[in-house]
Number of protein chains: 2
Amino acid sequence: MNAEIITIGDEILIGQIVDTNSAWMAQELNRIGVEVFRITSISDSANEIESAINEAFSRVDVVLVTGGLGPTSDDITKPTLARYFNTVLELHEPTLKHVEELFKRRGLPLTESNKAQAFLPASCTVIPNLQGTAPGMMFTKDKKVLVSMPGVPFEMKFIMGSHILPWLTGNGGLTDVILHKTIQTFGLPESFLSDRLAQWEQSLPPFLKLAYLPSPTSIRLRLTARGKSGKLLEAGIKKAALTLLDVIPNEVFGYNDASMADVVGVLLRLTRSSICTAESCTGGTIAQMLTSAPGASNYFMGSVVAYANSVKQDLLGVSITDIETHGAVSSEVVETMAKGALRVLGASYAIATSGIAGPGGGTNEKPVGTVWVAVASSNKVISQKFELGSDREKNIIRSSVSALNMLRLLLFEENPSLRETFFSKMFD
Amino acid sequence: MNAEIITIGDEILIGQIVDTNSAWMAQELNRIGVEVFRITSISDSANEIESAINEAFSRVDVVLVTGGLGPTSDDITKPTLARYFNTVLELHEPTLKHVEELFKRRGLPLTESNKAQAFLPASCTVIPNLQGTAPGMMFTKDKKVLVSMPGVPFEMKFIMGSHILPWLTGNGGLTDVILHKTIQTFGLPESFLSDRLAQWEQSLPPFLKLAYLPSPTSIRLRLTARGKSGKLLEAGIKKAALTLLDVIPNEVFGYNDASMADVVGVLLRLTRSSICTAESCTGGTIAQMLTSAPGASNYFMGSVVAYANSVKQDLLGVSITDIETHGAVSSEVVETMAKGALRVLGASYAIATSGIAGPGGGTNEKPVGTVWVAVASSNKVISQKFELGSDREKNIIRSSVSALNMLRLLLFEENPSLRETFFSKMFD
């Protein structure tokens, strides 16, 4: 089955925003075997919307449209679609109820323009949007289907994930079974990883395809299996993932969408232990990553973000002598920070960071990108130096993930059966 | 003058890469008054390339194409264009020389596929690419122009910057000047904002167009001015922005790409004051936002992320009685946290948060999304309750930005001339 994507919005055509929706949608569609034929970005203009839809319908059966559904006057997608599909806007009670509840919960009065969000083309199938006020709309015409969704990424993702992708999977006339498994790795750059995996990759059965998806926080390996028997494909994927664990035991940290912080959270729960952080250069980013997981209060105690040296001294017990002798970016200081955090925040494990994130602050001896990380348990404290790049944002993210990774390896070291328990629990 | 952009590459249509080239090109083209009519992404297929070009030429005079110029067999843009423009590939000596030098400098042997990069359509104007092996190519047909460039972003940018943009400026028959200004607002949902701005919007001169760009951290208002005189347009934008400040004085927080944390950073620098945070439900996110700006050490002291109640007590001086009487999510606790942070972290201002981010932890009295925020200076401490939604990530981000916004307004209150200084400094 083929599809096309149309993104509507002047902001795309003047380059004010990068259209990230299309890539996400294309990836998800490909995952379920729907090929994307073309992606078109057009302005908020009725003529343009109509001709783009006509053109797309001349090539494919499914057209996914995002954007132009907001409550303001420049958003014209909805009336244009109503006209295109020869229907009228009428009040959709469930949507009005949802919008009213949304505003009530926020303690805000409902204005006319919000109410207008509940007037929808009479002939469309309304797809609830629990993340916002504008619902998705599905239109059918001559066996062709058009879906209109808001351009706000998490609203579009909600509608795609809850309704459109399952619907396409069911009605897409898909003959082959396609399975995907993503394996998350950290610690080896892409070229080194591909060298290390060359032999393993050659040993994969022909129905398995491997792709590398690098990002600042991990290199994901995506295994795609395509064939007739789901059971056979599943077994093939499982075997490949298991043998990979022998090839790069320290680099594989999880599966699918699990972030390093998610993985650390699971390991802390499995060992009934808790964590705290003492952060200088990462400025609270590790705490933010750890607390982004629901239920983090089960294992996360808190942090001291010690940006100023005075805070390192007053709250974490770093001595002025250590700072003067070794500098704030040193093994000595970062290990003391970790031990101080354990003491004052009362957790079983601590992570500490101190480094030069940039762009300023570098010296010949300690250039921008130099970061010291320590992890401490009640038994030991270890520290490691990382030499990263010149980009501030990337340095902060990479140090944070590296620090969490050090803790992950320490947890495995201190809990002998944890590794096996974790990977067998996480695979499914 | 109107143009269209065509990006070629299977990797775009399977969502493996996000097409960032188009946004950059659109921005640069708009800057010189060339309006982008449509952006189309297609696969590496000769048929698709030919029809996309035909369609674009039916609408506009200038078509900019990127991608498909690499040395591998799936890159077919060049032979397809040669066929489309009725010409043949022939050796282009200067390009061969450039490719040879490039490989010599890298100490690599020249392969046949690299040499093939120097065979170019006879009828095109070759545009040197000092950043790579594939040059740009400019074709003319019936007074219409097509430019083909590599998809590698810095190579495309080099060709655009060195040749295409100057050429369009000189030969584009540019008649209109187009200017943009983005105004950042926070605190009013889109529909309320549009109600509040209705009268102001009506008073705008006809050459000014307004667009709303909502995101979880702000609603941006984009003013676009189009006309003959740059001076007149600039004055019109400035006047509109100034009068807007009277209509929503507390909601406008900055211009262009400034985030709320950036703005708070500027205000702290202007007042030579410093900031610390005491975070429960935001889990370090405010600290992370503040430290994402280079030079944050000039005003950011540090934070106590007090996720566990024990940390609120031990480090911030919250009493067990207050927690038991009012709950950890209360005005009393959050104000004590802010005052405690001021004391132990030694800054001139403090922000504190405590709330139920979700998905668990809500009660009838305090449902998920209930967040208390306090800001404190040496003179006063104020707190405010927010009732947000059910999405954990959004709740964390919205509370963080709301907290920074409260501090921004307190800074204005305590420093009478600051508002004026800030907005006049930031406008340009």
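Visitor: What makes strand β15 (residues 349–355) of chain B count as mostly covered?

Guide: In this predicted model, 7 of the 7 residues of β15(B) are buried. The word buried requires 20 or more other C-beta atoms within 10 Å of a residue's own.

Visitor: Which residues show that both faces of β15(B) are covered?

Guide: B:Tyr349, B:Ile351, B:Thr353 and B:Gly355 lie on one side, B:Ala350, B:Ala352 and B:Ser354 lie on the other, and all are buried. The residues fall into two sets because side chains in a regular strand alternate between the two faces of the sheet.

Visitor: How do you know that β15(B) is paired with strand β13 (residues 275–279) of chain B?

Guide: Pairing calls for at least two bridges, and 5 bridges join β13(B) to β15(B), the two running parallel. Within this pair, B:Ala278 stands opposite B:Ala352. β15(B) is also joined by 6 bridges to strand β16 (residues 370–376) of chain B, in this case antiparallel. There B:Ala350 is set opposite B:Ala376.

Visitor: Why is B:Ile382 called partly exposed?

Guide: B:Ile382 has 16 other C-beta atoms within 10 Å. A buried residue needs 20 or more and an exposed one 12 or fewer, so a count of 16 falls in between. B:Ile382 belongs to strand β17 (residues 381–387) of chain B. Residues up to four places away in sequence aside, B:Ile382 touches B:Ala374 and B:Val375.

Visitor: Why is helix α12 (residues 309–316) of chain B called oblique to helix α14 (residues 331–345) of chain B?

Guide: The two helices pack at an angle of about 45°, with their axes 9 Å apart. Angles under 35 degrees count as roughly parallel and those of 65 to 115 as roughly perpendicular; about 45° belongs to neither range, and therefore α12(B) is oblique to α14(B). Their contact is made by B:Lys312, B:Leu315 and B:Leu316 of α12(B), together with residues of α14(B) including B:Val333, B:Met337 and B:Val344. By class, the residues of this contact divide into 6 nonpolar, 2 polar and 1 charged. The crossing is left-handed.

Visitor: How do you know that strand β14 (residues 300–306) of chain A pairs with β14(B)?

Guide: At least two bridges are required, and 5 bridges join these strands, which run antiparallel. Across them, A:Val305 stands opposite B:Ser303. In the wider interface, 64 residues of chain B are in contact with 64 residues of chain A. β14(B) gives the most to chain B's side, with 7 residues.

Conventions
Residues numbered from 1 in each chain as written. Chains lettered and ligands numbered in written order. Predicted model: local features only at pLDDT ≥ 70, side-chain atom pairs only at ≥ 80, totals over all residues. Contact = placed C-beta atoms within 7 Å. Helix = DSSP H or I, 4+ residues; strand = E, 2+ residues; numbered from the N terminus. Axes fitted to C-alpha atoms, helices over the stretch in contact; angles between N-to-C directions. Parallel < 35°, antiparallel > 145°, perpendicular 65-115°, else oblique. Left-handed = near helix turned anticlockwise from the far one by under 90°. Nonpolar A, V, L, I, M, F, W, Y, C, P; charged D, E, K, R; others polar.
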